[in-house]
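Colleague: I am new to this structure and would like a close look at a single part. Please walk me through the largest pocket, its lining and what lies around it.

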Amino acid sequence: MVLLANEQDEEYDAAQVFENYVESRTGGEVNVNIFVGPQLCGSANECFEAMQAGIVDLFTATAGGVAGIYPPIQGMDIPYTFPDDRTAMAMLSDPELTDYLRREILDATNDGIRLMTMTQTGGWRNFANAKHEIRTPEDVEGLRFRTIESEIQQRLVREMGGSPTPLPWLEVYTGLQTGVVDGTKNSISDITNMNFQEVLNYITLDGHAYMASMWLMGNQKFESLSEEQQKVVADGSALMGVVQLGMQPRKELEAYATWRESGGELYTPTEEEMEQFRSYAEPVRDWYLEANGEEGQEFLSKLEAAKERASQAVEADRQSAMQ
């Protein structure tokens with residue numbers, strides 16, 4: 001199994017839990033090897049190709065990465081789609097949404113890649129830069145932000161007057177250090193895990209995206225397992241998702257402390273300023289629907305339905321706790 005992050009990332013914690021669970025529950029019949037960083041592949045597209053070739057069995061990617069094999073999933077990155085932490089976590093663990101995406105990804109890859117579980121990696125994606133504080137979208141103008149090869153992420157920066165600059169994850173530090181880019185759109189824990197606080201000065205907590213993450217498996221490998229082994233792998237994958245959801249808030253405590261110790265500044269937009277940020281979601285959504293057609297519309301309807309179910313469940317539990 002491959003993760004392109006480092007050993008400080010919650011994905012590594014989750015991978016270790018998966019390794020122990022699967023090996024112990026199968027009596028060692030299924031062996032799990034964890035590869036951190038670009039040992040077997042260096043980008044999401046390379047890793048998916050390696051999965052199709054049978055070189056990599058398990059890989060984790062964000063929605064932007066998975067868009068390389070299933071473009072409609074970019075809808076998760078439409079700005080300000082996820083309303084809050086509890087609702088976001090419930091949406092990503094929604095069985096109906098997961099089942100739908102599992103079938104869609106299998107179909108899109110000719111039964112080559114199977115979605116095992118959805119979770120999150122890093123929490124909320126925010127604007128971070130080395131130049132100046134961002135209080136409103138106008139402050140993004142003229143700044144060069146690192147993005148992945150995802151048009152939907154690049155479009156948000158472009159709509160605000162910035163310049164999106166795709167860079168591989170492992171090249172971002174150097175890009176910031178040398179001025180190839182002025183900033184990046186990442187979570188606080190991803191920033192400090194990669195020591196970006198050494199080359200960044202400002203973070204604006206606009207929470208324009210919640211960093212969904214998917215663990216995927218080569219379907220040929222999965223189907224080569226016995227039914228009992230498949231059950232263990234499926235359960236171990238679900239456990240990975242829970243671990244990542246739970247580890248992130250804990251890691252953020254240390255991440256924010258590290259950021260402050262480095263002298264970095266944090267800015268929380270007012271509600272009026274957030275309304276300005278949210279106004280940029282509509283043109284991005286329009287582009288997404290134009291680019292993805294009926295498939296995109298269907299995906300958004302499934303995502304909105306999951307959001308409604310999650311919102312109702314969270315509110316019901318909240319009211320119960322408050323009685």
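Modeller: Happy to. Two strands pair if DSSP finds at least two bridges between them, where strands (E, at least two residues) and helices (H or I, at least four) are DSSP runs numbered from the N terminus. This is a predicted model, in which local features need pLDDT of at least 70 and side-chain atom pairs count only at pLDDT 80 or more, while totals for chains, interfaces and linings use all residues. Residues are numbered from 1 along each chain as its sequence is written, and side-chain values use heavy atoms, with hydrogens and water left out.

Now to the pocket itself. A pocket is an open set of points on a 1 Å grid over the protein atoms alone, with protein on both sides within 12 Å along at least five of seven lines; a cavity is a set where a 1.4 Å probe fits but cannot get out, and lining residues have an atom within 4 Å of a point. Grid points are joined across faces, edges and corners, and a volume is the space filled by probe spheres set on the points. The largest pocket has a volume of about 840 Å³. Its lining is made of 40 residues, and those nearest the centre are Ala44, Thr62, Arg146, Ile148 and Trp169. Sorted by class, the lining holds 14 nonpolar, 18 polar and eight charged residues; here Ala, Val, Leu, Ile, Met, Phe, Trp, Tyr, Cys and Pro count as nonpolar, Asp, Glu, Lys and Arg as charged, and the others, Gly among them, as polar.

Which strand gives the most to this lining? That is β3 (residues 58–62), with four residues. Four of the five residues of β3 are buried (under 20% relative accessible area with a 1.4 Å probe, protein chains only; exposed is over 50%, partly exposed in between), so β3 is largely enclosed by the rest of the structure. β3 runs antiparallel to β8, and five bridges join the two. One example to look for is Ala61, whose bridge partner in β8 is Met214.

Met214 leads us on to the nonpolar core, meaning a set of buried Ala, Val, Leu, Ile, Met, Phe, Trp, Tyr and Cys residues joined through side-chain atoms within 4.5 Å. The largest such core has 57 residues, and Met214 is among those that touch the most other members, together with Phe48, Phe59, Met76, Leu101 and Phe299. Helix α12 (residues 281–322) supplies the largest share of this core, nine residues. Contact means heavy atoms within 4.5 Å, and beyond its neighbours within four places in sequence, Met76 has contacts that include Ala63, Leu101, Met214 and Phe299.

β8 also turns up at the largest cavity, where β8 and α6 (151–159) each supply at least two lining residues. That cavity has a volume of about 40 Å³, and the structure holds one cavity of 30 Å³ or more. Its lining consists of Asp77, Pro79, Arg125, Ile152, Gln153, Leu156, Lys185, His208 and Ala209. α6 gives the most to this lining, with three residues.

Finally, the second largest pocket has a volume of about 430 Å³. It is lined by 22 residues, with Pro83, Asp84, Asp85, Trp124 and Gly207 closest to its centre. β8 (202–218) is one of the elements that give two or more residues to this lining.
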